[in-house]
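Reader: I'm in my first year and still learning to read protein structures. Could you take one part of this one and walk me through it closely?

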Amino acid sequence: MSPSPPGGPEIAHQETGIDHEIEHGNEEEAVTMHRDDAVKRFHAGDDQLADLIDDAQPVELPTPDTDVPMVSRSVRLPLDTYERVRSAAEARGIGVTTLMRQWIEAGLADLDDSATVSLADVRRALAALAHPTAA
């Protein structure tokens, strides 16, 4: 069994690029190598990396919340803007991405005169009309 490098496994991962532990009975063997060495060994046909991947436990992937194929895009926002969006999403009980997607869809609907309105917004508008406040 090889000793852990100074700073523990996190430092080993940062310095070498790859850090993986395999369980053999009650014993654990740490396999550590530099990323470039790992790539060279992989391209040379070394099965060690494939064995490491094969021994890994399966992971549960999150279930998509929609049947519509989605594209992930990165958007840079000023911190103040992001905090306002996050607060608005939290107040509605939805995720930030969902709220931004709703706003984009509503903005696009305005461009082509189609109507995309959430049921919650319709109810709020109707409630406001039913109980007008004095200005």
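**A close look at helix H5**

Author: Happily! Let's take helix H5, and start with what lies over it: the cover of its buried residues includes helix H4, residues 79-92. Keep in mind as you look that this is a predicted model.

First, a little orientation. The chain holds six helices and two strands, and from the N terminus its elements follow the order α-β-β-α-α-α-α-α. Of its 135 residues, 11% are buried. Among contacts between residues at least 6 apart in sequence, 14% join residues at least 24 apart. The accessible surface of the chain is about 11700 Å², and carbon and sulfur atoms account for 55% of that.

Now to H5 itself. How far apart are its end C-alpha atoms? They are 23 Å apart, which agrees with the 22 Å that the 16 residues of H5, 96-111, should span at 1.5 Å a residue.

Which residues of H5 are buried? They are Val-96, Leu-99 and Ala-109. These buried residues cover an arc of only 155° around the axis, so they sit on the same side of H5. Turn to the face that points away from this buried side, and you will find the exposed residues Thr-97, Ile-104 and Leu-111.

Helix H4, part of the cover over H5, deserves a look of its own. Here a general rule helps: an α-helix has 3.6 residues a turn, so residues three or four places apart point the same way. Try it on Arg-86 and Glu-83, which both lie in H4, three residues apart, or about one turn of the helix. Their side chains meet in a salt bridge, with 2.8 Å from N to O. Arg-86 is partly exposed, at 29% relative accessibility, and Glu-83 is also partly exposed, with a relative accessible area of 31%.

Arg-86 has another partner as well: Glu-90 forms a salt bridge with Arg-86, and the closest N and O atoms are 3.4 Å apart. Glu-90 and Arg-86 are separated by about one helical turn, because they are four residues apart in H4. Glu-90 counts as exposed, since its relative accessibility is 58%, where the cut-off for exposed is over 50%.

For a parallel, move along the chain to helix H6, residues 119-130. Arg-124 and Asp-121 are three residues apart in H6, so about one helical turn separates them. Their side chains meet in a salt bridge too, at 2.3 Å from N to O. Arg-124 is partly exposed, with a relative accessible area of 48%, and Asp-121 counts as partly exposed at 36% relative accessibility. Back in H4, salt bridges that share partners join Glu-83, Arg-86 and Glu-90 into one network. A search of the whole structure finds three salt bridges.

One last stop is the surface around H6. Val-117, Leu-119, Val-122, Leu-126 and Leu-129 make a nonpolar surface patch of about 510 Å². One of them, Leu-129, lies in H6, and Leu-129 is exposed, with a relative accessible area of 67%.

To return to where we began: H5 has its buried residues on the same side, with H4 among what covers them, while Thr-97, Ile-104 and Leu-111 are exposed on the face turned away.

Methods
Residues numbered from 1 in each chain as written. Predicted model: local features only at pLDDT ≥ 70, side-chain atom pairs only at ≥ 80, totals over all residues. Heavy atoms only, no water. Expected span 1.5 Å × (residues − 1). Buried < 20%, exposed > 50% of the residue type's maximum accessible area, 1.4 Å probe, protein only. Arc of directions from axis to C-beta. Contact = heavy atoms within 4.5 Å. Patch = residues over 30% accessible without salt bridge, like charges linked within 9 Å, V, L, I, M, F, W, Y side chains within 5 Å. Areas by Shrake-Rupley, 256 points an atom, 1.4 Å probe, with all protein chains shown as cover. Salt bridge = Lys/Arg side-chain N within 4 Å of Asp/Glu carboxyl O.
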